[in-house]
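Colleague: Could you take a close look at one part of this model for me? I'd like to go through the ligand site with you.

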Amino acid sequence: MVVIEEAPKVVKENIFSLEQEVERLYSKLGKLGWSKSACESIAPFTLKINTIKKEKGIKIFAHSYQTADIVFGIADIVGDSLALAKKATTVKEDTILFCGVDFMAESVKILSPEKTVIVPERGRDCTLADSIIADDVRKLKIENPGVPVICYVNTNADVKAESDICCTSANAKRIIEKVNTDTVIFIPDENMGKNLAKITGKTIITWPGYCRTHDAVTLKRLNALLKDKDVKTFAHLECKPEIIENVDYYGGTSDMHKYAEEGANGEKVLYVTEQGFIDRMKVEYPNVEFVDSKMFCVSMKRNDLISTLNALENPTEDNIIELEEDIRKRAYRAVNNMLKY
Ligand code: CIZ
């Protein structure tokens with residue numbers, strides 16, 4: 001599978017009335033089984049958010065794992081973490097409200113320090129990001145002198161600051177292949193590190209971190225999701241190696257997006273990743289048949305329309321991403337190195 005980068009989806013909506021807003025929401029969310037009355041119940045909120053964001057000149061960015069009311073109701077830009085961080089450097093607005101998890105919003109701040117970055121809820125309990133601290137990286141470097149540290153983007157800024165280069169699921173393979181050593185340190189996703197060692201043939205020193213949403217998938221659970229044999233399986237690299245070895249395709253969500261965009265070869269497909277991404281694909285590619293993964297990331301799902309509205313109207317200190325300048329500058333080097341690949 002060729003690793004490609006996702007072009008972030010830029011949403012253009014003009015909103016005039018509550019009735020039109022209900023119709024707009026229903027045209028998207030109806031594809032996910034939402035009723036007209038469910039759309040009526042959220043329309044006052046999406047309308048208010050969309051009005052305030054325009055008045056205040058704020059762009060709303062949403063990761064693809066967010067709920068469909070956020071993705072289709074209020075987001076201006078939707079994508080994976082790489083696409084969103086890159087896009088943030090090009091938008092003219094100086095405030096970005098980021099619906100995702102903290103470390104993704106941090107990546108935006110790292111690359112665009114002049115911008116105010118607001119998050120509706122703090123996502124402080126990601127098993128991946130929480131598995132490693134800056135001291136751990138310093139120890140790894142002492143134990144493995146001269147070995148480059150490649151850091152998955154799902155990490156806090158202080159960990160990025162200790163790393164040589166960041167990567168996302170969209171470019172991890174390409175970066176590991178291009179780094180001119182046979183051995184690399186890959187933190188913190190152990191499953192992804194092991195999978196990439198097999199894919200690239202390089203020696204990868206891993207760290208015992210995992211994404212609880214992807215790591216929870218076992219072969220037994222995968223088989224239970226596959227009700228018939230005509231379903232193609234496409235797993236995220238954060239899944240266990242036993243899953244990657246037993247699916248038709250693997251990669252990041254940008255690879256999955258490309259596959260859906262190209263019609264998924266006319267086949268029914270199970271994306272083994274967070275359900276929010278599958279919901280997004282169902283709306284954007286109604287001609288492709290997607291099987292639900294029923295995999296939910298609680299950290300990602302913490303944001304909702306109410307917390308977004310509150311953060312937009314009256315952001316508190318807790319809603320604003322701040323980074324120590326020394327950490328930001330060192331993390332910038334690692335994130336910027338990634339953008340060169
Ligand atoms: O990098 C991202 O945005 C994540 C968490 C997953 C993916 O594959 O897009």
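Where does the ligand sit?

Modeller: Sure, and bear in mind that this is a predicted model. The ligand sits in the second largest cavity. Going round the site, you'll meet H63, Y65, D80, S81, M104, N154, T168, S169, H236, G252 and T253. Sort that shell by character and you get eight polar residues, two nonpolar ones and one charged.

Now for the polar contacts. S169 has a polar side-chain atom 2.4 Å from a ligand oxygen. With H63, an N or O atom of the side chain is 2.6 Å from an oxygen atom of the ligand. H236 also brings in a polar side-chain atom, and that one lies 2.6 Å from a ligand oxygen. As for cover, the ligand has 270 Å² of accessible area on its own, and the protein covers 99% of it.

It helps to lay the domains over this. The chain splits into domain 1, made of 12–123 plus 300–319, then domain 2 at 129–210 and domain 3 at 213–291. Take domains 2 and 3: their centres, worked out over C-alpha atoms, are 25 Å apart. In the contact between them, domain 2 puts in 13 residues and domain 3 puts in 14. If you're setting up a view, I'd start with the ligand and its three side-chain partners, H63, S169 and H236, and then bring in the rest of the shell, including Y65, D80 and M104.

How values were computed. Residues are numbered from 1 along each chain as its sequence is written. This is a predicted model: local features need pLDDT of at least 70, side-chain atom pairs count only at pLDDT 80 or more; totals for chains, interfaces and linings use all residues. Side-chain values use heavy atoms; hydrogens and water are left out. A residue is near a molecule or strand if one of its heavy atoms lies within 4 Å of it. A polar contact is a pair of N or O atoms within 3.5 Å; within protein, one must be able to donate a hydrogen and the other to accept it, and residues adjacent in sequence count only if both atoms are side-chain atoms. Accessible areas come from the Shrake-Rupley method with a 1.4 Å probe; for residues, only the protein chains shown count as cover. On a 1 Å grid over the protein atoms alone, a cavity is a set of points where a 1.4 Å probe fits but cannot get out, and a pocket is an open set with protein on both sides within 12 Å along at least five of seven lines; lining residues have an atom within 4 Å of a point. A molecule sits in a cavity or pocket if more than half of its atoms lie within 2 Å of its grid points. Ala, Val, Leu, Ile, Met, Phe, Trp, Tyr, Cys and Pro count as nonpolar, Asp, Glu, Lys and Arg as charged, and the others, Gly among them, as polar. Domain bounds come from an automatic or database domain assignment. Contact means heavy atoms within 4.5 Å.
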